[in-house]
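Colleague: I am new to this structure and would be grateful for a close look at a single part of it. Please set that part within the whole afterwards.

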Amino acid sequence: MAELPDIQNAGAGAAGGEAANLSYARLEEIAGRYGTPCFVYDAAAMRQAAGRLRAALPEGAAIFYPVKANPNPAIVGLFAALGFGAEVASRGELALAMAAGIPAKRIVWSGPAKTDDELAATVAVGIYAIQIESRGEIERLAAIAARLERPAAAVLRLDLPQDAGARRGDWAGASSFGMDEATAAAILGARDSLAPVEIVGFHNHPTSGSLNAADFIRRFATFIEAVGRLSKGSAPRFVNFGGGFGAPFYADDRALDLDPIATFLRGPDVQAITGDGPPPQLGFEMGRYVIGPAGWYLARVVAVKRTAGRRFAALDGGIHHLMVVSGTLRFLRRPVAVAGPPAKGGESEPTELTGPLCAPTDRLASAVPLSTALAPGDLIVFSGCGAYGKHASPLNFLGHDWPPEILVEGDKERLIARRVRFEEVLALQSPDHPAAAEPGRVPP
């Protein structure tokens with residue numbers, strides 16, 4: 001299997017410092033040009049986060065951008081230019097990553113239910129590694145690779161015990177993700193029968209969106225111990241530590257401290273993976289950390305009312321664009337970071353922010369202190385919305401238009417996704433639409 005290209009310094013940004021936030025006034029200007037609701041992303045913030053991450057990880061580590069975090073082609077392309085690979089989980093994401101400039105040899109594929117067509121696509125384009133979830137999956141992969149007469153690289157995804165560190169979102173214990181050590185050992189014992197598939201290493205996804213460095217250190221240590229037990233006599237060539245580095249989203253969040261993680265990753269536990277052989281390629285999958293704080297969701301007030309002693313502001317945007325504020329994908333609803341127009345005279349009032357949907361769940365924030373003079377037309381800004389925003393939301397619910405996306409580069413900005421009318425979405429689904437006959441870009 002070819003090694004990953006040397007990407008540790010490719011296009012990396014500054015190693016430290018925080019990106020300057022776009023001001024409320026700048027966001028107001030953008031909203032005036034492109035309309036609301038909309039998403040705005042700051043390229044400088046992404047580059048600076050990538051630089052901090054690169055500085056914290058071991059030299060030569062490969063970073064894979066999980067396309068699901070934000071699949072806008074311009075965003076994926078930005079991280080491609082920074083030397084990131086991609087972590088994908090569908091043929092659509094594979095095609096998107098490659099079209100955005102990420103070579104197949106910098107792509108890994110995850111997912112608990114890979115179909116034969118999907119496995120065939122990974123073999124056909126020759127991605128870096130398929131992250132295997134079960135014995136049946138690797139046996140199907142071997143049969144497909146043999147039929148196509150092409151090699152394939154497999155990584156065994158380990159499902160670590162539930163009590164081995166932080167557990168959030170069923171990433172540990174009995175789950176649909178990965179395999180226990182006994183299964184991994186059995187697969188390794190039968191590796192000779194799996195040609196032309198080569199088992200090159202191990203993978204584990206420790207947690208999601210954690211801001212606690214101790215979570216990662218404990219989980220990484222447990223993963224390393226498991227890798228050591230499974231690697232007797234055959235050193236791994238690739239060890240993927242997964243991701244889950246969080247980024248501030250809620251109003252009371254503190255940024256993840258990378259220093260303890262960096263110290264651990266450069267310490268004896270990680271060095272022990274090498275043993276007497278050459279060091280493996282280390283991998284990390286990072287999305288939310290590098291894109292989350294670089295995004296804002298902008299919406300305008302449509303109506304303000306008071307009822308039962310509380311003030312409500314109904315916005316032109318809602319959870320159909322920003323499902324994450326409802327608690328979905330974060331497992332716990334807490335106060336989100338919201339900004340509105342400056343309060344005149346410093347006077348503010350707790351405000352319930354709701355959207356336009358005919359659903360009681362369309363509540364974006366509660367008891368937000370906003371100006372007592374809040375009125376229709378005022379701009380409301382939600383911070384930390386770069387990851388799992390637009391494309392992780394029920395965009396078609398109740399027939400609203402899809403919001404545009406704008407990328408800011410210094411004093412300039414460009415539209416990277418236009419507003420899509422719901423009528424267009426319906427037309428695209430017609431069996432008579434020309435796109436229905438177009439073949440996919442990924443070979444079958």
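Colleague: Is Glu352 buried or exposed, and what is its relative accessible area?

Modeller: The model is a predicted one. In it, Glu352 has a relative accessible area of 6%; because the limit for a buried residue is under 20%, Glu352 counts as buried. The residue forms a salt bridge with Arg310, and the closest N and O atoms of the two are 3.2 Å apart. Glu352 belongs to strand β13 (residues 348-354), whereas Arg310 belongs to strand β11 (residues 310-315), so that this pair links distant parts of the chain, 42 residues apart. The partner is placed otherwise with respect to the surface: Arg310 is partly exposed, at 42% relative accessibility.

This bridge is one of 20 salt bridges that the structure holds. Another joins Glu28 to Arg300, with 2.5 Å between the closest N and O atoms. Because Glu28 lies in helix α1 (residues 24-34) and Arg300 in strand β10 (residues 295-307), the pair ties together parts that are 272 residues apart in sequence. Here it is the arginine that is buried, Arg300 having a relative accessible area of 18%, while Glu28 is partly exposed at 28%.

A further bridge connects the side chains of Glu181 and Arg229, at 2.5 Å from N to O. Glu181 is in helix α7 (residues 181-189) and Arg229 in helix α8, so this bridge ties together parts that are 48 residues apart in sequence. Both residues of this pair are partly exposed: Glu181 has a relative accessibility of 27%, and Arg229 has one of 47%. Elsewhere, salt bridges link Arg418, Arg421, Glu423 and Glu424 in a network.

Glu285, in strand β9 (residues 281-285), offers a counterpart to Glu352. Glu285 is buried yet has no salt bridge, and the nearest side chain of opposite charge, that of Lys68, is 5.9 Å away. Because a salt bridge requires the nitrogen and the carboxyl oxygen to be within 4 Å, Lys68 does not provide one for Glu285. The side chain of Glu285 does make a polar contact with the side chain of His203, at 3.2 Å. Beyond its neighbours within four places in sequence, Glu285 is in contact with several residues, among them Phe64, Pro66, His205 and Asn240.

The nonpolar interior completes the setting. In soluble globular proteins, nonpolar side chains tend to be buried together. The largest nonpolar core of this model has 115 residues, and those with the most contacts inside it are Phe79, Leu156, Phe245, Leu353 and Phe382. Helix α8 (residues 213-230) supplies the largest share of this core, 9 residues. A second, separate core has 12 residues, including Leu22, Ala31, Val381 and Ile406. Phe382 touches Leu353, and its other contacts include Trp296, Tyr297 and Leu315. Helix α8 also holds Thr222, which is buried with a relative accessible area of 17%.

For the protein as a whole, there are 12 helices and 17 strands. Of its 444 residues, 55% count as buried. Among contacts between residues at least 6 apart in sequence, 71% join residues at least 24 apart. The protein exposes about 18500 Å², of which carbon and sulfur atoms supply 54%.

How values were computed
Residues are numbered from 1 along each chain as its sequence is written. This is a predicted model: local features need pLDDT of at least 70, side-chain atom pairs count only at pLDDT 80 or more; totals for chains, interfaces and linings use all residues. Side-chain values use heavy atoms; hydrogens and water are left out. Helices (H or I, at least four residues) and strands (E, at least two) are DSSP runs, numbered from the N terminus. Buried means under 20% relative accessible area, exposed over 50%, partly exposed in between (1.4 Å probe, protein chains only). Contact means heavy atoms within 4.5 Å. Accessible areas come from the Shrake-Rupley method with a 1.4 Å probe; for residues, only the protein chains shown count as cover. A nonpolar core is a set of buried Ala, Val, Leu, Ile, Met, Phe, Trp, Tyr and Cys residues joined through side-chain atoms within 4.5 Å. Lys and Arg count as positive and Asp and Glu as negative; His and the chain ends are not counted. A polar contact is a pair of N or O atoms within 3.5 Å; within protein, one must be able to donate a hydrogen and the other to accept it, and residues adjacent in sequence count only if both atoms are side-chain atoms.
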